[in-house]
Amino acid sequence: MVVKRDGSKEPFDREKLAGSIRKALAGRPGTATEVEIMVDRILARLRRRGPEIASSLVGQEVLSALRRTDEVAYLRFASVYKEFEGVADF
């Protein structure tokens, strides 16, 4: 289960996670297989945290994985995840 910022809970959705990563990597070098490997690694780290995880932790794990993989994708995801409003936010 994922605990959202407002305290509500929803089942973890692997496809939602993969879709977010694919959006961040759109037009960048990489393959569908690499995305799936990244998702598998993120899921493995999250599973060790227990049956309920904060959505912020999911976001942090994605940021970490993208930062190691592709800086442009990292910045794309960060700009949405952290709700950047301008260049100064970067």
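In this predicted model, helices α1 and α3 pack against each other at an angle of about 40°, and their axes lie 11 Å apart. Because angles that are neither under 35 degrees, nor over 145, nor from 65 to 115 count as oblique, α1 is oblique to α3. The crossing in which α1 passes α3 is right-handed. On the α1 side the contact is made by L17, I21 and A24, and on the α3 side by V58, V62 and L66. Sorted by class, this contact of α1 with α3 has six nonpolar residues, with no polar and no charged ones.

Helix α1, which covers residues 14-24, also packs with helix α2, which covers residues 32-47, and here the angle is about 125° while the axes are 10 Å apart. That angle makes α1 oblique to α2, and the crossing of α1 and α2 is right-handed. From α1, the residues R14, L17, A18, I21 and R22 take part in the contact, and from α2 they are met by V35, E36, M38, V39, D40, I42 and L43. In the contact of α1 with α2, the classes are represented by eight nonpolar residues, four charged residues and no polar ones.

The two helix contacts can now be set beside the nonpolar core. In soluble globular proteins, nonpolar side chains tend to be buried together. In this model, the largest nonpolar core has 23 residues, of which L17, I21, I42 and L66 touch the most other members. At least two residues of this core are supplied by each of α1, α2, α3 (55-69) and α4 (71-81).

One of these residues, L17, is worth following in the structure. Leaving aside residues up to four places away in sequence, L17 touches F12, V39, I42, L43, V58 and V62. Among these partners, V39, I42 and L43 belong to the α2 side of the contact between α1 and α2, whereas V58 and V62 belong to the α3 side of the contact between α1 and α3. L17 itself is named on the α1 side of the contact with α2, and likewise on the α1 side of the contact with α3.

A last residue to locate is E34, which is found in helix α2. E34 counts as partly exposed, because its relative accessibility is 45%, and partly exposed residues are those between the limits of under 20% for buried and over 50% for exposed. E34 and T69 are separated by 35 residues in sequence, and their C-alpha atoms are 9.6 Å apart in space.

How values were computed. Residues are numbered from 1 along each chain as its sequence is written. This is a predicted model: local features need pLDDT of at least 70, side-chain atom pairs count only at pLDDT 80 or more; totals for chains, interfaces and linings use all residues. Side-chain values use heavy atoms; hydrogens and water are left out. Axes are lines fitted to C-alpha atoms, for helices over the stretch in contact, and angles run from 0 to 180 degrees between N-to-C directions. Helices (H or I, at least four residues) and strands (E, at least two) are DSSP runs, numbered from the N terminus. A crossing is left-handed if the near helix is turned anticlockwise from the far one by less than a right angle, and right-handed if clockwise. Contact means heavy atoms within 4.5 Å. Ala, Val, Leu, Ile, Met, Phe, Trp, Tyr, Cys and Pro count as nonpolar, Asp, Glu, Lys and Arg as charged, and the others, Gly among them, as polar. A nonpolar core is a set of buried Ala, Val, Leu, Ile, Met, Phe, Trp, Tyr and Cys residues joined through side-chain atoms within 4.5 Å. Buried means under 20% relative accessible area, exposed over 50%, partly exposed in between (1.4 Å probe, protein chains only).
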